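Reader: Before I set anything up, I would like a close look at a single part of this model. Please take me through one helix and the small sheet beside which I should read it, and keep the account careful.

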Amino acid sequence: SWEAQVRFLFGCAAMEGSLGVAAIHRCIQSGSWEGLLGDTEMAELTAAESGPASSTSDSIALLYATQILACILADELSRGKFAFKRCPELSRSHPQVDAAHRLLAALWKDNFDDFWEVMGTCEWDGSVKPLVDEVERVVRSRLTAAIAAAYESISVADVARLLGIPLPSVQALATAQGWVVGTDGWIEPVSACGAPVPEEALFLNDKVHELTHYVAFLEQHRWGKQ
């Protein structure tokens, strides 16, 4: 059950009664992610005040993994880097913390190949999997908007790589976005109705990297029409 998963995730009786963990429970149970990041930070403070005897090593590691994932979801990558630095040394090698940090590092470096590889190969704990699924959906949505804003033409193969989807799925995605799909393996990612891309969609990394950074990165790797 969700209650059992949350108790496993955040652990001990001392933490279960805290406001932060109760709020985290509600966020996970309802799929309402808006306040999750602040709630994990509150739970971190509660755990620190309670001392090392208040929770298990697994519960602490999963707390930090959840916080890092919440940072990615909120597009707060700098905050995620500091969360990892605060993570106890022994917890950094925990599989869930390591995977969450690798996702964070991949986005920080705009290394989307690594991001999708970690996302697809890590065996995510059941208690964080719903959050991981939401991170995957949101990051793919941000990148889709960035492609539409940055490219007049892009190959089907490059769209698949950027979005971490199989080649056969690109056609359906392009059609859903109103993109023009050619018979030569190239796509014109322009909305059929000419709707402008929201300004916030042009930012991926902590709202600092500008659209030109995407273009420079992708052109450096020879993505796009030659």
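**The sheet and helix α12**

Author: In this predicted model, Ser 155 stands opposite Trp 186, a residue of β3. That position belongs to the pairing of β1 with strand β3 (residues 186–188), which runs in the antiparallel sense over two bridges. Taken as a whole, the sheet is open and has three strands, in the order β1-β3-β2, with antiparallel pairing. Because β1 (154–155) and β2 (180–181) stand at the edges and have a single partner strand each, one side of each is left without a neighbour in the sheet. In general terms, the strands of a sheet pair through backbone hydrogen bonds, in either a parallel or an antiparallel way.

Turning to the helix, α12 spans residues 167–177, and its buried residues are Val 170, Leu 173 and Ala 174. Seen down the axis of α12, these buried residues fall within an arc of 100°, and therefore they line one face of the helix. The face turned away from that buried side carries Pro 168, Ala 172 and Ala 176, which are exposed, where exposed stands for over 50% relative accessible area and buried for under 20%. As for what covers the buried residues of α12, the cover includes strands β2 and β3, and α11 (156–163) is also included in it. After α12 comes Gly 178, whose phi is positive, near 80°.

Technical notes:
Residues are numbered from 1 along each chain as its sequence is written. This is a predicted model: local features need pLDDT of at least 70, side-chain atom pairs count only at pLDDT 80 or more; totals for chains, interfaces and linings use all residues. Side-chain values use heavy atoms; hydrogens and water are left out. Two strands pair if DSSP finds at least two bridges between them. Helices (H or I, at least four residues) and strands (E, at least two) are DSSP runs, numbered from the N terminus. Buried means under 20% relative accessible area, exposed over 50%, partly exposed in between (1.4 Å probe, protein chains only). The arc is that of the directions from the helix axis to the C-beta atoms. Contact means heavy atoms within 4.5 Å.
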